Each structure stands twice: as structure tokens, then as C-alpha cells.
Amino acid sequence: DKLAENVRSLKREGLIRFACADTFSGEETYLKLINSGAFDVIYVNYNFADDRPLEKVIPTARAKGMGVIAREAYMKGQLFRAIAPEMGLTDVSALAEAAFKWCYQNNGADVVVYGTGKVKNLNNAARIISGDLSLTDEDRTILEAARQTEAWKSYKEQKDKQFAGLVK
């Protein structure tokens with residue numbers, strides 16, 4: 001309540017124009033921030049394994065007219081360090097593209113924050129975002145194969161528990 005009032009006050013005074021609800025505290029905290037009415041967008045971990053925001057958080061934000069900014073499309077690199085190797089992939093570009101596009105499905109993200117230190121990866125992301133973001137049959141197949149890996153299952157279990165507030 002105090003945070004929401006401070007944000008509203010800063011908006012009234014013209015010191016901020018937009019406010020973003022950003023937390024690693026899980027679903028309960030996101031819902032409180034969204035329902036406060038003080039924020040314009042949410043910034044949330046959201047990917048094809050960390051998908052719990054689709055249950056309540058994103059629909060609640062949408063109902064309040066808020067935008068959704070996603071981070072961790074590549075699962076903090078686990079997609080490349082653990083999942084792709086377990087799948088036997090050496091060229092991970094198709095998996096990366098499918099994972100990136102997944103974030104835009106189901107009325108999920110409006111924007112995916114993309115972090116990279118490599119120009120070729122940034123160019124690839126720009127190519128994807130400027131094209132059709134619909135998942136193809138190939139995208140669905142590769143995402144389903146990734147979901148069968150122990151690395152994906154472990155990551156999902158950990159993220160589900162974190163989002164539920166069961167672990168830090």
C-alpha cells in the first residue's frame with residue numbers, strides 16, 4: 001500500500017510518467033502490485049518453462065489494462081547450457097527462435113527484453129521480431145522435444161516453486 005501511494009504521488013507530481021511492477025517475490029506480490037492500480041506494466045520472468053504468470057498474473061494485468069514485459073526468454077541461459085545439449089542440438093538457433101516466439105503467444109508478452117553481448121544474436125532477434133511471431137509446427141515440435149529433457153523439467157519445477165513463493 002505504501003509503495004503504491006508513493007508511486008501515485010510521484011505520478012501526480014509529474015516526477016514519473018509510467019511505473020513498472022517488477023519483483024522476484026512471486027505471484028502473490030505481483031497480484032498485489034497489479035491490483036493496487038498504481039502500475040502501468042509488469043516486468044516478469046516468462047518463458048516456456050517459467051509460464052505460471054499465464055495462470056493469474058498476466059490475465060489480471062490485462063484486465064487492468066497493463067502491459068507485459070517479459071524477461072528470461074532463454075531461461076538465464078539454461079536453454080543453451082543444459083537443455084539444448086541434452087537434446088543433442090549443436091545448432092540452437094531453431095530452439096532459440098521458438099523459445100523467443102513462444103513468449104508472444106497466448107496474449108503473453110508485449111515486449112521481450114533481450115540480453116546479449118553478441119551482434120549476431122541481436123540481429124537474429126531483430127529478424128524474428130520483425131517477422132511472423134506465430135509458432136510454426138517446427139517450433140512446436142522443438143519446444144515439445146525440449147520439454148522432454150530432464151534439464152527442462154528440473155528448471156520448470158524450480159521456477160514453479162519460486163513463483164508460488166515456496167522457495168527463494
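1. Q105 is buried, since its relative accessible area is 17% and the cut-off for buried is under 20%. This holds for a predicted model, as does everything below. Q105 sits in the loop between α5 and β4. Leaving aside neighbours within four places in sequence, Q105 is in contact with Y46, L133, S134 and L135. D137 lies 32 residues from Q105 in sequence, and the two C-alpha atoms are 14 Å apart in space.

2. N106 is found in the loop between α5 and β4 (111–112) as well. Is N106 buried or exposed? N106 is exposed, with a relative accessible area of 55%, because the cut-off for exposed is over 50%. The backbone of N106 also deserves a look: phi is positive, at about 60°, although N106 is not a glycine.

3. E72 is another residue that has a positive phi without being a glycine, here of about 70°. E72 is placed in the loop between β3 (67–71) and α4 (78–87). E72 has 18% relative accessibility and therefore counts as buried. A reader going through the loops may want to set E72, which is buried, beside N106, which is exposed.

4. The largest nonpolar core has 48 residues, and I42 and F48 are the ones that touch the most other members. Which helix gives this core its largest share? That share, six residues, comes from helix α5 (residues 93–102). As background, nonpolar side chains tend to be buried together in soluble globular proteins.

5. I42 can be followed residue by residue. Not counting residues up to four places away in sequence, I42 touches C20, A21, Y30 and I34 on the earlier side of the list. The list goes on with V57, I58, A61, M66, G67, V68 and I69.

6. Helix α5 also packs against other helices, and α4 is one of them: their axes come within 11 Å and cross at roughly 120°. At that angle α4 and α5 are therefore oblique to each other. The crossing of α4 and α5 is right-handed. Residues L79, F80, A84 and M87 of α4 make the contact with L95, A96 and A99 of α5. By class, the contact of α4 with α5 has seven nonpolar residues, no polar ones and no charged ones.

7. Helix α6 (residues 119–129) packs with α5 at an angle of about 50°, with the two axes 11 Å apart. α5 and α6 are therefore oblique to each other, and α5 passes α6 in a right-handed crossing. On the α5 side the contact is made by E97, F100 and K101, and on the α6 side by A125, R127, I128 and I129. Which classes of residue make up the contact of α5 with α6? There are four nonpolar and three charged residues, and no polar ones.

8. Helix α7 (residues 137–147) is a further partner of α5; the axes come within 9 Å and cross at roughly 100°. α5 and α7 are therefore roughly perpendicular to each other. From α5 the contact takes A94, L95, A98, A99, K101 and W102. These meet E138, D139, I142, L143, A146 and R147 in α7. The contact of α5 with α7 divides into eight nonpolar, no polar and four charged residues.

9. A94 is worth singling out within helix α5. A94 has 28% relative accessibility and so counts as partly exposed. Not counting residues up to four places away in sequence, A94 touches E138 and I142; both belong to the α7 side of the contact described in the previous point. A63 is 31 residues from A94 along the chain, and their C-alpha atoms are separated by 33 Å.

10. K156 is found in helix α8 (residues 150–163). Is K156 buried or exposed? At 17% relative accessibility K156 counts as buried, because the cut-off is under 20%. With residues up to four places away in sequence not counted, K156 touches A49 and D51.

Terms used. Residues are numbered from 1 along each chain as its sequence is written. This is a predicted model: local features need pLDDT of at least 70, side-chain atom pairs count only at pLDDT 80 or more; totals for chains, interfaces and linings use all residues. Side-chain values use heavy atoms; hydrogens and water are left out. A nonpolar core is a set of buried Ala, Val, Leu, Ile, Met, Phe, Trp, Tyr and Cys residues joined through side-chain atoms within 4.5 Å. Buried means under 20% relative accessible area, exposed over 50%, partly exposed in between (1.4 Å probe, protein chains only). Helices (H or I, at least four residues) and strands (E, at least two) are DSSP runs, numbered from the N terminus. Contact means heavy atoms within 4.5 Å. Axes are lines fitted to C-alpha atoms, for helices over the stretch in contact, and angles run from 0 to 180 degrees between N-to-C directions. Angles under 35 degrees count as roughly parallel, over 145 as roughly antiparallel, 65 to 115 as roughly perpendicular and the rest as oblique. A crossing is left-handed if the near helix is turned anticlockwise from the far one by less than a right angle, and right-handed if clockwise. Ala, Val, Leu, Ile, Met, Phe, Trp, Tyr, Cys and Pro count as nonpolar, Asp, Glu, Lys and Arg as charged, and the others, Gly among them, as polar.
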